[in-house]
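Reader: Could you walk me through how to read a few features of a model like this one? I would like to start with strands and finish with cavities.

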Amino acid sequence: MPLSTDEKAVALAQEVLTQFDTIFGYHSGFRPAHAKGIMLTGTFTPSPESASLSKAPHLNRPSTPVTVRFSNSTGIPAIPDNDPNAAPRGCAIRFNLAEHVHTDIVSHSTNHFPARTGEEFLEFLKAIAASDPAHLSGSPLEKYLGSHPAALAFVKAPKPPPSSFARETYFGLNAMRFINKDGTGRYGRYRIVPEEGNQHLNPADAATKETNYLFNEITQRVAKQAVAFRIIVQLAEDQDQVDDATVRWPDDRPIFELGKLVLTKLVADNSGAQKQIIFDPIPRVDGIEPSKDPLLDIRANVYLLSGRRRRSAPD
């Protein structure tokens with residue numbers, strides 16, 4: 001996972017990282033966003049038709065081992081699971097193709113993003129850092145939301161807490177181009193759909209939950225039974241924007257079954273493993289190409305810079 005050779009892009013990523021630290025505080029050894037997480041292992045089994053969409057290795061093998069990290073939002077490692085700010089939830093998937101060879105999916109539980117570009121996202125973070133959430137009237141954040149409809153839509157989008165990480169749907173925000181062995185390409189966005197279906201809590205029930213209810217629940221659940229998801233791809237039509245993560249595609253777009261994800265146990269030395277792994281939003285694998293979404297490079301740079309910092313932190 002290389003850092004960008006564009007000095008301006010790297011500087012922008014560093015500014016984003018600094019703003020996360022300003023908002024949430026710096027927590028040594030933790031991610032600047034989605035700091036509170038848990039990792040599981042299991043297997044991905046592709047659907048019989050997956051090879052028709054892409055020649056990527058994990059879609060053309062009987063199965064591939066995976067590492068998956070579920071997380072709460074914010075850069076606060078001890079944020080209560082029932083805190084409204086803990087949404088959206090995150091789900092990052094690593095397909096372990098060979099030793100030191102992998103490709104990832106990075107997703108979260110809201111089907112759009114508040115900014116189209118890294119510059120817009122930085123401006124959004126600065127507005128948050130300069131505002132008091134309890135007194136938004138006349139604040140920089142209120143002014144930003146008033147002039148950025150996508151950010152306002154993201155803030156207002158319902159984000160009900162799930163009963164379990166295993167009962168939530170996660171969305172890959174950035175479009176990818178899937179290319180099969182014949183060279184045919186099709187743009188699509190990932191969705192990670194729980195086999196048991198979604199289950200969310202109402203505010204009253206969520207308020208009664210313990211602060212680590214999601215982490216305790218997934219630990220107990222996987223000790224008793226496997227946790228299963230379908231990985232699907234929502235396919236774009238020619239008129240759909242494939243370079244803008246703030247735009248949702250219509251619900252009637254075709255859904256392609258990519259395969260099944262089955263998680264069977266927690267990763268050993270969970271905290272140590274989370275400190276080391278750096279997920280990559282850019283696929284970097286033959287058969288899946290990134291779109292021209294400008295957020296992809298900034299996300300990859302932020303993940304790498306923060307990952308290097310996390311790895312160098314004392315234990």
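**Strands, helices, loops and cavities**

Author: Happy to. Strand β6 (residues 176-179) and strand β7 (residues 185-194) run antiparallel and are joined by 4 bridges. Keep in mind as we go that this is a predicted model.

Reader: Which residue stands opposite G185 in β7?

Author: To read a pairing, pick a residue on one strand and look straight across. Here I179 is the one opposite G185. The two strands β6 and β7 make a hairpin, with 5 residues between them. Look in that turn for G183, whose phi is positive, at about 90 degrees.

Reader: Which other strand does β6 pair with in the antiparallel sense?

Author: A strand has two edges, and it helps to check both. For β6, the other pairing is with strand β10 (residues 288-290), antiparallel again and over 3 bridges. Your landmark for this pairing is R177, which stands opposite E289 in β10.

Reader: Now the helices, please. At roughly what angle do the axes of α1 and α2 cross?

Author: For a helix pair, read the distance between the axes, then the angle, then the hand. The axes of helix α1 (residues 7-24) and helix α2 (residues 118-129) come within 9 Å, and they cross at roughly 20 degrees. Angles under 35 degrees count as roughly parallel, so α1 is roughly parallel to α2.

Reader: Is the crossing of α1 and α2 left-handed or right-handed?

Author: This crossing of α1 and α2 is left-handed.

Reader: On to the backbone in the loops. Is the peptide bond from A87 to P88 cis or trans?

Author: Omega is the angle to read here. The bond from A87 to P88 has omega near 0 degrees and is cis. You will find P88 in the loop that lies between β2 (64-71) and β3 (90-98).

Reader: Which residue has a positive phi although it is not a glycine?

Author: That is H34, with a phi of about 55 degrees. Its place is the loop between α1 and β1 (37-46).

Reader: Last topic: how many cavities of 30 Å³ or more does the structure hold?

Author: For a cavity, read the volume, then the lining. The structure holds 2 of that size or above. The largest cavity has about 90 Å³ of space. Its lining has 13 residues, and those nearest the centre are I105, V106, N174, M176 and P281. Two elements, β4 (101-108) and α8 (295-312), each give two or more residues to the lining of the largest cavity, and β4 has the largest share with 3. By class, this lining has 8 nonpolar, 2 polar and 3 charged residues.

Reader: What is the volume of the second largest cavity, and which residues line it?

Author: The second largest cavity has a volume of about 30 Å³. Its lining consists of D21, G25, Y26, H27, F30, R31, P32, G75 and R309. The classes in this lining are 3 nonpolar, 3 polar and 3 charged.

Notes: Residues are numbered from 1 along each chain as its sequence is written. This is a predicted model: local features need pLDDT of at least 70, side-chain atom pairs count only at pLDDT 80 or more; totals for chains, interfaces and linings use all residues. Side-chain values use heavy atoms; hydrogens and water are left out. On a 1 Å grid over the protein atoms alone, a cavity is a set of points where a 1.4 Å probe fits but cannot get out, and a pocket is an open set with protein on both sides within 12 Å along at least five of seven lines; lining residues have an atom within 4 Å of a point. Grid points are joined across faces, edges and corners, and a volume is the space filled by probe spheres set on the points. Ala, Val, Leu, Ile, Met, Phe, Trp, Tyr, Cys and Pro count as nonpolar, Asp, Glu, Lys and Arg as charged, and the others, Gly among them, as polar. Two strands pair if DSSP finds at least two bridges between them. Axes are lines fitted to C-alpha atoms, for helices over the stretch in contact, and angles run from 0 to 180 degrees between N-to-C directions. Angles under 35 degrees count as roughly parallel, over 145 as roughly antiparallel, 65 to 115 as roughly perpendicular and the rest as oblique. A crossing is left-handed if the near helix is turned anticlockwise from the far one by less than a right angle, and right-handed if clockwise.
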